[in-house]
Amino acid sequence: MTHSDMVPEGSNVVDYWSAKVTEQYCLHQLFEHRVAEHPDLPAVTCNGKTLSYSHLNGLANQVARRILQHPVTPDFLVAVSIERSLEMMVALLGVMKAGCAYVPLDPDYPQERIDYMLQDSGASLVICQSHLQDGLAADGRTLLVVDLNDKMALTCPQMSNGETDNIAA
């Protein structure tokens, strides 16, 4: 171990190394390194269902490709209205891989609050689950519907302004 690898005296080890790593990589890049190292290990488990690193990465890449079909700029915001689930992890990672930021919309919020957050953020793309899409496509917003089937593949019927883009695996 060289002197430069040692943590400065009085520093927190986790904070020190976290700062060193995140100076060089974004979260989705760190995730991809993990995918390369351990593709078959469980990455996320929710409600008794598990996705491996490689499977989660592949699904998130599908979402990112769909997002990139829109005129995406560095300050592009994507609203995400998804219950806590594997779909949420797929959507959030996909947003990051597309180079965008997300606006979290809790599906339990009153519709008036969701409408205000969408209007205030200016998000023109909303990722949601099929059972949560009512009321989200107003004002010309595009919906990207993300659902996982029993085989843990993305399923969904189509995308548009005021329309729905359902991802098919």
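Q: Which residue lies over the face of Tyr109?
A: Arg113 does, at 6.0 Å from the ring centre. Keep in mind that this is a predicted model.

Q: OK, step back. How many helices and strands does the protein have?
A: Five helices and nine strands.

Q: In what order do the elements run from the N terminus on?
A: The order is α-α-β-β-α-β-α-β-α-β-β-β-β-β. The chain opens with two helices and ends on a run of strands.

Q: And what share of the residues counts as buried?
A: 38% of the 169 residues. The protein exposes about 9,700 Å². Carbon and sulfur atoms supply 51% of that area.

Q: Back to details. Which residues are buried in helix α5?
A: Ile114, Met117 and Leu118, in a helix that spans residues 111–121.

Q: How do they sit around the axis of α5?
A: They fall within an arc of 95° seen down the axis, so they line one face of the helix. The spacing fits a general rule. An α-helix has 3.6 residues a turn, so residues three or four places apart point the same way.

Q: What does the buried side of α5 pack against?
A: Three strands: β3 (77–81), β4 (101–104) and β5.

Q: Which exposed residues are on the face turned away?
A: Glu112, Gln119 and Asp120.

Q: What follows α5?
A: Gly122. Its phi is positive, near 75°.

Q: Now Leu136. Where does it lie?
A: In the loop between β5 (125–128) and β6 (142–145).

Q: Is Leu136 buried or exposed?
A: Leu136 is buried, with a relative accessible area of 1%. The cut-off for buried is under 20%.

Q: What does Leu136 touch, leaving out residues up to four places away in sequence?
A: Ser81, Ile114, Leu118, Val126, Cys128, Arg141 and Leu143. Ile114 and Leu118 are among the buried residues of α5. So the loop residue Leu136 is in contact with residues from the buried face of that helix.

Q: How far is Leu136 from Ala79, C-alpha to C-alpha?
A: They are separated by 9.7 Å. Along the chain they are 57 residues apart.

Q: Switching to charges. How many salt bridges does a search of the whole structure find?
A: One. The side chains of Glu32 and Lys97 meet at 2.4 Å, N to O.

Q: Which parts of the chain does that pair link?
A: Distant ones. Glu32 is in helix α2 (residues 27–37) and Lys97 is in helix α4 (residues 86–97). The two are 65 residues apart.

Q: Why can such side chains pair at all?
A: Side chains of opposite charge can pair when their charged atoms come close.

Q: Are Glu32 and Lys97 buried or exposed?
A: Glu32 counts as partly exposed, at 33% relative accessibility. Lys97 is buried, with a relative accessible area of 14%.

Q: What about ring pairs: how many aromatic pairs does the structure hold?
A: One. Phe31 and Tyr53 form a tilted pair, 5.5 Å centre to centre, with 40° between the planes.

Q: Where do Phe31 and Tyr53 sit?
A: Phe31 is in helix α2, and Tyr53 is in helix α3 (residues 53–67). They are 22 residues apart, and the pair links distant parts of the chain.

Q: Buried or exposed, Phe31 and Tyr53?
A: Phe31 is buried, with a relative accessible area of 15%. Tyr53 is buried too, at 13%.

Note on methods. Residues are numbered from 1 along each chain as its sequence is written. This is a predicted model: local features need pLDDT of at least 70, side-chain atom pairs count only at pLDDT 80 or more; totals for chains, interfaces and linings use all residues. Side-chain values use heavy atoms; hydrogens and water are left out. Helices (H or I, at least four residues) and strands (E, at least two) are DSSP runs, numbered from the N terminus. Buried means under 20% relative accessible area, exposed over 50%, partly exposed in between (1.4 Å probe, protein chains only). Accessible areas come from the Shrake-Rupley method with a 1.4 Å probe; for residues, only the protein chains shown count as cover. A salt bridge is a side-chain nitrogen of Lys or Arg within 4 Å of a carboxyl oxygen of Asp or Glu. Contact means heavy atoms within 4.5 Å. The arc is that of the directions from the helix axis to the C-beta atoms. Rings of Phe, Tyr and Trp (its six-membered ring) pair if their centres lie within 6.5 Å; planes under 30 degrees apart count as stacked, over 60 as edge-to-face and the rest as tilted. A charge sits over a ring if NZ of Lys or CZ of Arg is within 6 Å of the ring centre and within 35 degrees of the ring normal.
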